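Biologist: I have a structure open here and would like to go through it with you. Can we start with the cysteines?

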Amino acid sequence: MAGYIVYWPKEQIAKLKKAKDTGPIRVVLGSIHTKMPSIAKIKAGDVIYPVTLEKGTLSIMARLPVEKVESAFDYLLRETGERWAALIPKDAACEEIPYRNGAPIFRVANGNCFDHFDELPPEINKVAYLAKRTPVPHLCHQEPFNCCSETAASGSNGSSIQPRPIPKEMIPTLLFGPSKSKQKPLKLNAKGELTTLSLSGFARKMSEETKKVFDSLFEDTISN
């Protein structure tokens with residue numbers, strides 16, 4: 001069971017506060033863009049910890065034990081009733097009405113569009129009829145905060161969403177890297193402070209010792 005951090009930018013935190021979304025956290029979404037980085041390497045059994053910076057302080061926002069990893073397209077349609085500009089899988093198509101055009105089209109993964117169902121490529125085995133869908137009640141964090149969502153990692157035992165600050169003196173002891181031999185502390189600026197670049201861009205795998213530190217902030221809620 002590996003632990004990973006993903007960075008939530010200040011605009012995402014502000015959005016959650018405005019919506020009064022305190023969880024429990026149900027999903028972490030990843031995209032093809034670094035603002036909402038890929039989580040494609042994360043698998044069921046891993047644990048994701050969204051983090052943010054608040055006035056230079058590293059805060060752990062939540063803990064999500066991952067039970068299922070699937071396409072963001074499938075997750076969002078099922079759990080929110082909307083596509084939210086998620087990438088369309090290669091085996092799927094969307095029936096949608098283009099902006100300023102009253103005729104529906106079928107859009108597929110490579111960006112191509114077809115006017116009729118019987119024109120769809122043979123690899124398409126599911127079609128989402130967006131115009132016929134109704135919204136599904138959901139929490140704010142279940143909506144992607146960036147376009148081109150690709151992957152959704154979800155679970156039913158997530159924690160509440162709230163800042164859990166890490167003391168600054170502990171930051172140099174936290175280690176991250178794809179393997180034990182490559183684990184290093186987070187990069188600091190010339191003032192010895194964490195920056196957005198220290199945390200953003202990709203999902204960072206943590207050492208076992210670092211995971212224990214993170215889990216200590218959730219001792220009252222960890223059940224697995």
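Modeller: Cysteine 140 has 13% relative accessibility and counts as buried (under 20% relative accessible area; exposed is over 50%, partly exposed in between, with a 1.4 Å probe and protein chains only). This is a predicted model, where local features need pLDDT of at least 70, side-chain atom pairs count only at pLDDT 80 or more, and totals for chains, interfaces and linings use all residues. Residues are numbered from 1 along each chain as its sequence is written, and side-chain values use heavy atoms, with hydrogens and water left out.

Biologist: Why is there no bond between cysteine 140 and cysteine 147?

Modeller: Their sulfurs are 17 Å apart, which is too far. A disulfide needs two cysteine sulfur atoms within 2.5 Å.

Biologist: How many disulfides does the structure hold?

Modeller: Zero. For cysteine 113, the nearest cysteine sulfur belongs to cysteine 94, 10 Å away.

Biologist: Is cysteine 113 buried or exposed?

Modeller: In between: cysteine 113 is partly exposed, at 39% relative accessible area.

Biologist: New topic. What is the strand order in the open sheet of three strands?

Modeller: The order is 2-11-6, with antiparallel pairing. Strands here are DSSP runs (E, at least two residues), numbered from the N terminus, and two of them pair if DSSP finds at least two bridges between them.

Biologist: Which strands stand at the edges?

Modeller: Strand 2 (27-31) and strand 6 (68-71). Each has a single partner strand, so one side of each lacks a neighbour in the sheet.

Biologist: How many bridges join strand 2 and strand 11?

Modeller: Five, with strand 11 covering residues 149-154. Glycine 30 stands opposite threonine 151 of strand 11.

Methods
Helices (H or I, at least four residues) and strands (E, at least two) are DSSP runs, numbered from the N terminus.
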